[in-house]
Each structure stands twice: as structure tokens, then as C-alpha cells.
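Visitor: Please look closely at one place where the backbone takes an unusual turn, and then connect it with the fold around it.

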Amino acid sequence: MKNPAAGKHDTSPGPQQKGSDGTSLISCLMVTRNRARLARRALRCFANQTWPAKELVIVDDGDEDYEPIIAPLRERLSIHYHRIPNQPEQRLGALRNLALDHARGEFCAQWDDDDWYHPERLAVQMRALERQGLHGVLFRWTLMHLDTPAYAEHPYRTQLRRGTPGTILHRRTAVRYRNLPRGEDSIFRKELARSMRVGIVEEPHSHLFIRCFHGANTWEIRHFTERLHRRVVNKIRWLRARYLARDIFTHPLFDLTPLERSAVARFIHDSRELGLLRS
């Protein structure tokens, strides 16, 4: 799929850019396939968002029908469910572009089907965007939960200096994702930053987004665990924890704040209630 050239963003009015209360409408964009069980948690997180003007756009190219989990929410939420035939040439990036094409909001937010979002996620990002005069905003810090026997009880904090791609919230744009099976959101983040003002949320925010490893991710587990030692300072801490303390969980990234622990407790509650945790 052709990727439109970066360098501009679409400021023309969309079909609906404001909510009924006058606040900016945010389109949360979910691409999914045969993961209704996991998507129930993302749907619950969407329903719990405190930002009043929001819609959820779902693009699904799988065989599993999500309508049974969506139907109970339709009366009080704006959810647009698009089922399309699976086409091998349409990879994750192309599907994300379809979601962008269906979005009606003034702003768009990536809303992956397997992550957990705090109820204040959208509100905090919008406040940061408006306060800093930005067109797009990301979280630098997030939490990570690995559903494995070794790590299930030990979530940890992680960061990417330029922002975590999956946390992007941005104004409507002509920039599109590359048609790749993974890594497409990292490239999108870079190209978006060339065409508009994109920044990082400044207030404490690591508790607002939990990345989840569940065994059927796009990336293998190494992609998640290497965050413990990717940066030089964390590499030193990791070596100390593993070889001197002989306990990896003494690594400072496992030492969560009260705000982070509260978010993890909510995540665990939601996940267990929906039967999503194996460990």
C-alpha cells in the first residue's frame, strides 16, 4: 500500500470533529483478528475513559465475530465495527490505515486490542496536548506485564526516549502507516513528527498504559524483556541484579510507585475477572 508523503497534516473538517458537549472527538482505533477474548478488556477500558467525546473504530479481518461482545455496549457508546475479508497483502499497517480512514474524530488514538488503558489515559493526553500546544502526544514511560510464571507477579516500568509508539494520540492527518506486519507504528511516529508538533506527556503517566505479553503478541517475549537492559544505565542495573544480588527483581524498574501499583491492581482485577491471565 502506498504511503502518502509526510510533511503535512489534514486540517480539513471531518464528518464529525466535536462531541455533543463541544469537546474534541477522539477516535480510538483498534485493529484486531480472532482475539475477541482479549479485546473485551480493551473494550472495557474504552468504556471507562473519562474523556466524554470518544468513539471506537474496530477493523477486524478475522473469522471470529465480535458482535456478541460489542452489542451490550452499543446503547451508551459509539462503536463502529468493520469486518473485512482477510487479504494476505493487507498487513497490520494497511489495516491501521483503514481504521484511520473510518475515523470521524478531530483526534485519533491507537487502541490495541491486547493492552490495558487507565480511565484517565485520553484525558491526560488531551490536557498535555492543549497545554503544550502540540498536534500529537505520546507517553515516554509505560508499565509492562508479562503473563509468564516468572514475571506475572512482577510488572515493571519501561521507557522509550521519543515516546512509546502504541500510545500515540494525534490530530487528524494525511500521514499513513507503512504496510508492514510489525514495527509500523514506530515508523508512523517518526513520520508524524516530521509533519506536526509531537511531544511527550510531562506529568506522571507510566500508570496510564500497560503493555501486555500474553503469548500471542506480534513481538516475541525478548522484545519485552530487553527493555530491562536496553539503555546503558539499565544494563548496569540489570547486571547487578542478576549477578551480584542474584535476584532480577531487585532491578529498580520493578520498584513501582503507589500510583503504578494502584494501576496494576486495577489491571489484574480486570484481567482476572475476564479470565485473561494464565499465570
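Guide: Arginine 246 lies in the loop that joins α7 (232–244) to α8 (258–273); helices (H or I, at least four residues) and strands (E, at least two) are DSSP runs, numbered from the N terminus. The model is predicted, so local features need pLDDT of at least 70 and side-chain atom pairs count only at pLDDT 80 or more, while totals for chains, interfaces and linings use all residues. Residues are numbered from 1 along each chain as its sequence is written, and side-chain values use heavy atoms, leaving out hydrogens and water.

Although arginine 246 is not a glycine, its phi is positive, about 55°. Most residues other than glycine have a negative phi. Arginine 246 is exposed, with a relative accessible area of 71% (buried means under 20%, exposed over 50%, partly exposed in between, for a 1.4 Å probe and protein chains only). Asparagine 34, also not a glycine, has a positive phi of about 55°. Asparagine 34 sits in the loop between β1 (26–32) and α1 and is partly exposed, at 36% relative accessibility.

The elements on either side of asparagine 34 lead into the sheet. Its 7 strands run in the order β3-β2-β1-β4-β9-β6-β10, forming an open sheet of mixed pairing (two strands pair if DSSP finds at least two bridges between them). Because β3 (79–83) and β10 (198–200) each have a single partner strand, one side of each is left without a neighbour in the sheet. The twist averages 20° from one strand to the next, with axes fitted to C-alpha atoms, for helices over the stretch in contact, and angles from 0 to 180 degrees between N-to-C directions. β1 pairs with β4 (residues 107–110) in the parallel sense over 4 bridges, and serine 27 stands opposite cysteine 108 in β4. Helix α1 packs on the sheet, touching β1, β2 (54–60) and β3, and its direction makes about 165° with that of β2.

The largest nonpolar core has 47 residues; among those with the most contacts inside it are Leu56 and Trp111 (a core is a set of buried Ala, Val, Leu, Ile, Met, Phe, Trp, Tyr and Cys residues joined through side-chain atoms within 4.5 Å). Helix α1 (residues 36–47) gives the largest share of this core, 7 residues. Beyond its neighbours within four places in sequence, leucine 56 is in contact (heavy atoms within 4.5 Å) with residues including Leu43, Phe46 and Trp111.
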